[in-house]
Amino acid sequence: MFSETIELRGHIIDSLILPKVLDQILTHGANFKIAEIKIGKKRADQSFARIEVSAESSEALDELVLRLRQHGAEVAKSADAQLAKAPTDGVFPPDFYVTTNQQTFVRFGGKDIEVRPAMMDSAIAVDRKKRTARAVKFFDVSKGDEIVVGHEGIRVVPVQRSTSGTDLFQFINTTIDADEPKSAIIRELGHELQRARVTNAKIAIVAGPAIVRTGAGQYLVRLIESRYVDRLFAGNAFAVYDVERALFGTSLGVNPDLAFARGGHENHLRAVNMIREAGGIAAAVRKKVLNHGIMHACVRHKVDIVLTGTIRDEGPIPGVTTDALEAQKVMRVKLADVTHVLLLAAFQHSLAVASMLAPTVKTVCVDIDPSAVERAVEHQPLQSIGLVTDVEPFLRELAECIAESEAKPGDRKKQ
């Protein structure tokens, strides 16, 4: 048997770090012996555990320790990270370390260097001269870059549960199914967004076409007008649906208020053409071609609009980033300072954004598909709420809760 001693520190009990580590050990057919454990006596006290882990082969042990590090485990013996050069542009060396979105440190020259940004599914490039470590994607790496390989010298600091017991996100920490009540959670979420606005935190919305098609756009406009949206992430289709609705009363030829709408799919293409002719969304607002709707509200209230394209897009309209790699770069920059994200009925877009978020970003996912909600929030285990419901009643109730709270002087004083 091959063995290694690992250590866990922090709120490892109430953050479920210790149970996750032990489960990983057993799942991989390994054994463990708890050599030492100290549990904090008070809620704010941290705990400590030293665990001897053993496996049948050194390869199996190395793979297991790598997984345990992603839950915050540290190997008792300190060692510098191992580095290997990238063999060519866009290619990592074999056995490169794959990052999570948790805060990560690389030990180099006997000192820990924080990896920036915290980004999942990446490698780590180390600059010896600058003594820096950065997470890199395939398109970011050049031949000769020194990349971390193996798992030695890596320390991961996972987000831990708040000890205050008052954080909505860490208190809920689950997915609310379609048949469960949601009003209390939506009301508390409204208060959370109010606190975020007061502290100048950054709130982002990831919007899917269903917002427009269900008639929920009016409620998103109310949030934008009340300064509860700093950035809007969406695809070309969302923007065109909204513009079409504003210009012709339909979205993809359908009006949510009418059984039959005039124009049909032609309206979709005519909307694209009018925005292209105007020179873009902002230009269409300035020229008074576009006089209402979500895009109009974003321009009027200086919301940062981040639009990306797909192979299915009509047009696309000006301002849409159509290169997939360039879109990733733009989105990462725009998400860097975001503190709260609402993923609203935008499955594919939500997954893309969720994979780029820091683990401290508070995330709410709303979708009628339970599997979409589960997948979107799985990367934020202690900072996410999933609501399985239609987006229209969610946005309607959220906008109403915020409006009612702001209308009460007593509530404003509390905020």
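**Close-up views of the predicted model**

The structure, a predicted model, holds zero disulfides. Cys 298 is accordingly in no disulfide, and the cysteine sulfur nearest to that of Cys 298, belonging to Cys 365, lies 20 Å away.

**View 1. Cys 298 and Cys 365 are cysteines without a disulfide partner.** Cys 298 has a relative accessibility of 0% and therefore counts as buried. Cys 365 is likewise buried, because its relative accessible area is 3%, and buried means under 20%. For the sulfur of Cys 365, the closest cysteine sulfur is that of Cys 401; the separation is 19 Å, which is too far for a bond, because a disulfide requires the two sulfur atoms to be within 2.5 Å.

**View 2. Six residues form a nonpolar patch on the surface.** The patch covers about 510 Å² and is made by Ile 13, Leu 26, Phe 32, Ile 34, Ile 37 and Ile 39. Strand S2, spanning residues 31–38, gives the most to this patch, with three residues. Ile 13 is placed in the loop that lies between strand S1 (2–10) and helix H1 (17–27). Its relative accessibility is 36%, so Ile 13 counts as partly exposed; that class lies between the buried limit of 20% and the exposed limit of 50%.

**View 3. Ile 25 is a buried residue of helix H1.** The relative accessibility of Ile 25 is 0%, and the residue therefore counts as buried. Apart from neighbours within four places in sequence, Ile 25 is in contact with Ala 30, Asn 31, Phe 32, Ile 51, Val 53, Leu 64 and Leu 68. One of these contacts, Phe 32, is also a member of the nonpolar patch shown in View 2. As a reference distance across the model, the C-alpha atoms of Ile 25 and Val 391 are separated by 40 Å, with their positions 366 residues apart along the chain.

**View 4. Asp 313 occupies the loop between strands S15 and S16.** Strand S15 comprises residues 304–308 and strand S16 comprises residues 320–321. The side chain of Asp 313 reaches the backbone nitrogen of Thr 310 at 2.6 Å. When residues up to four places away in sequence are not counted, Asp 313 touches Asn 236, Ala 237 and Thr 308. One of these residues, Thr 308, falls within the range given for strand S15. Computed from C-alpha to C-alpha in the model coordinates, Asp 313 and Lys 77 are 54 Å apart in space, and they are 236 residues apart in sequence.

Notes:
Residues are numbered from 1 along each chain as its sequence is written. This is a predicted model: local features need pLDDT of at least 70, side-chain atom pairs count only at pLDDT 80 or more; totals for chains, interfaces and linings use all residues. Side-chain values use heavy atoms; hydrogens and water are left out. Patches are made of residues with over 30% relative accessible area and no salt bridge: like charges are joined within 9 Å, nonpolar side chains (Val, Leu, Ile, Met, Phe, Trp, Tyr) within 5 Å. Accessible areas come from the Shrake-Rupley method with a 1.4 Å probe; for residues, only the protein chains shown count as cover. A salt bridge is a side-chain nitrogen of Lys or Arg within 4 Å of a carboxyl oxygen of Asp or Glu. Helices (H or I, at least four residues) and strands (E, at least two) are DSSP runs, numbered from the N terminus. Buried means under 20% relative accessible area, exposed over 50%, partly exposed in between (1.4 Å probe, protein chains only). Contact means heavy atoms within 4.5 Å. A polar contact is a pair of N or O atoms within 3.5 Å; within protein, one must be able to donate a hydrogen and the other to accept it, and residues adjacent in sequence count only if both atoms are side-chain atoms.
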